[in-house]
Amino acid sequence: MFNSTSLCRVRPCFTLATAVVLPLWFIQTDAAEGPWKKHAVHQGFPCMTAVAGDFTKDGRPDIIANSGNKTRLLVGPDWKEIVLAASPGHDFIHSETFDVDGDGDLDFIGARYQPGLIVWLEQPDHPMTDPWPLRVVSKELNGIHGLFKGDVDRDGRIDLIANSAQPIDTPYPESLAWLPVPKNPRTADSWHVHAFAVKDAPGLTHYLGFGDVNGDGRPDIGTGAKGSPAPVGNYFAWWEAPEDPTKPWKKHVIAEKQIGATNIHPGDVNNDGKTDFIASRGHGNGVIWFEAPSWREHVIHATLKEPHSLMVLDMDADGDLDAATCAYGDKQAWWFENDGKGKFTNHLVATDQEAYDIRAFDMDRDGDLDLVIAGRASNNVVWCENPRR
């Protein structure tokens, strides 16, 4: 699986390119593999976000999803529902999972968009019967649309990364931030906010990408802004981490006039030793990649409508970066197979499936990556079974 923190053999990128390249090798097909089987996990409520992991300590994948102001543990493989938290205003738009308190199991982090709120739920010793304590991470950010985990300060511990996209009702308007886990997160009232792009990320930013873009050994952070209020936004950009990540970071624009930009993730797409970016216009159309160092734009899927979610990782275990999305406008899920040189073959995964969030996880424990989809207007959570093995 792709680990963005491993990116280091790259050169700085300083120039911009706006020309769109529609190459002859743009292939769109679902004929190269067998059909993906869609499995229903939860139905009945619109779901904005869902994450997979072993949340019950039995070695089998589970899912935590948020819908209808309830955070639900869906226990695999039969998907028994256990409500972990239920409260008005707990309508989380995005989530993450990692071992927050260092006790060896997975905890859950959820973010509400507005008014901004981030909380974490601690996995107890007996996760199916004991209550999951809910604790506040932050109330200082507003317009939180994306959460991401990564070791920002390179101290060997995972930090939380979040945006604060709203221009009002926050100490950090139109900003990006990282939050180190407190020494004792169980007793902390909140986590310290290191805003590294203060008022430097306008236009309603969305999701976050993490990795060393310029090869200095420090992980950088990228995002896309969908464009609101017009004409602000509609761009992809990355912020260069300084030696001291608590200081302001330097902004680099990758591309402008990107209508509905939402997702961007760094990685060496064509195996030339430089860090490129794969991106989606989740409130517009299309999945693309930007080639370093000029940020020349290449089309992966030109017409896909509102590919709001995006995963960038090695889907087929062949050593290069692929991608996957579920487009809520077209109600289609796709994965995009890279040949290692930046040429993509596009595979249809599912139809009649709306989505806001997508994750990759080996749900059937057969050694390949499946896709977990939080279906907003589909009122469901599903996972799609990879047929390649």
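**Two sheets and the side chains around them**

The charged end of Lys 251 sits over the ring of Tyr 235, with 4.7 Å between that charged end and the ring centre. Keep in mind that what you're looking at is a predicted model. A second arrangement of this kind turns up at Arg 376, whose charged end sits over the ring of Tyr 328, 4.5 Å from the centre.

Tyr 235 is a handy way into the next bit, since it is one of the residues in contact with Ala 255. Leaving aside neighbours within four places in sequence, Ala 255 touches Asn 234, Tyr 235, Phe 236 and Phe 290. Take Phe 290 from that list: it is 35 residues away from Ala 255 in sequence, yet the two C-alpha atoms are 8.6 Å apart in space. Is Ala 255 buried or exposed? Its relative accessibility is 5%, under the 20% cut-off, so it counts as buried.

Ala 255 belongs to strand β19, which brings us to a sheet. This one is open and has four strands, in the order β16-β17-β18-β19, with antiparallel pairing. At its edges are β16 (205-211) and β19 (250-256), each of which pairs on one side only. From one strand to the next, the twist averages 20°. Start at the β16 edge and you'll find five bridges joining it to β17 (residues 220-225), the two running antiparallel. Within that pairing, Leu 208 stands opposite Thr 223 of β17. As for what holds such neighbours together, strands of a sheet pair through backbone hydrogen bonds, either parallel or antiparallel.

Now for the other sheet. It is open too, with four strands in the order β12-β13-β14-β15 and antiparallel pairing. Here the edge strands are β12 (147-150) and β15 (194-195), and each pairs on one side only. Over at the β15 end, β14 (residues 175-180) pairs with β15 in the antiparallel sense over two bridges. Look there for Trp 178, which stands opposite His 194 in β15.

Finally, the aromatic rings. How many aromatic pairs does a search of the whole structure find? It finds five. One of them is Phe 148 with Phe 210: the ring centres are 6.4 Å apart and the planes lie at 40°, so this pair is tilted. The pair links distant parts of the chain, with Phe 148 in strand β12 and Phe 210 in strand β16, 62 residues apart. Phe 210 is buried, because its relative accessible area is 1%.

Conventions:
Residues are numbered from 1 along each chain as its sequence is written. This is a predicted model: local features need pLDDT of at least 70, side-chain atom pairs count only at pLDDT 80 or more; totals for chains, interfaces and linings use all residues. Side-chain values use heavy atoms; hydrogens and water are left out. Two strands pair if DSSP finds at least two bridges between them. Axes are lines fitted to C-alpha atoms, for helices over the stretch in contact, and angles run from 0 to 180 degrees between N-to-C directions. Buried means under 20% relative accessible area, exposed over 50%, partly exposed in between (1.4 Å probe, protein chains only). Contact means heavy atoms within 4.5 Å. Rings of Phe, Tyr and Trp (its six-membered ring) pair if their centres lie within 6.5 Å; planes under 30 degrees apart count as stacked, over 60 as edge-to-face and the rest as tilted. A charge sits over a ring if NZ of Lys or CZ of Arg is within 6 Å of the ring centre and within 35 degrees of the ring normal.
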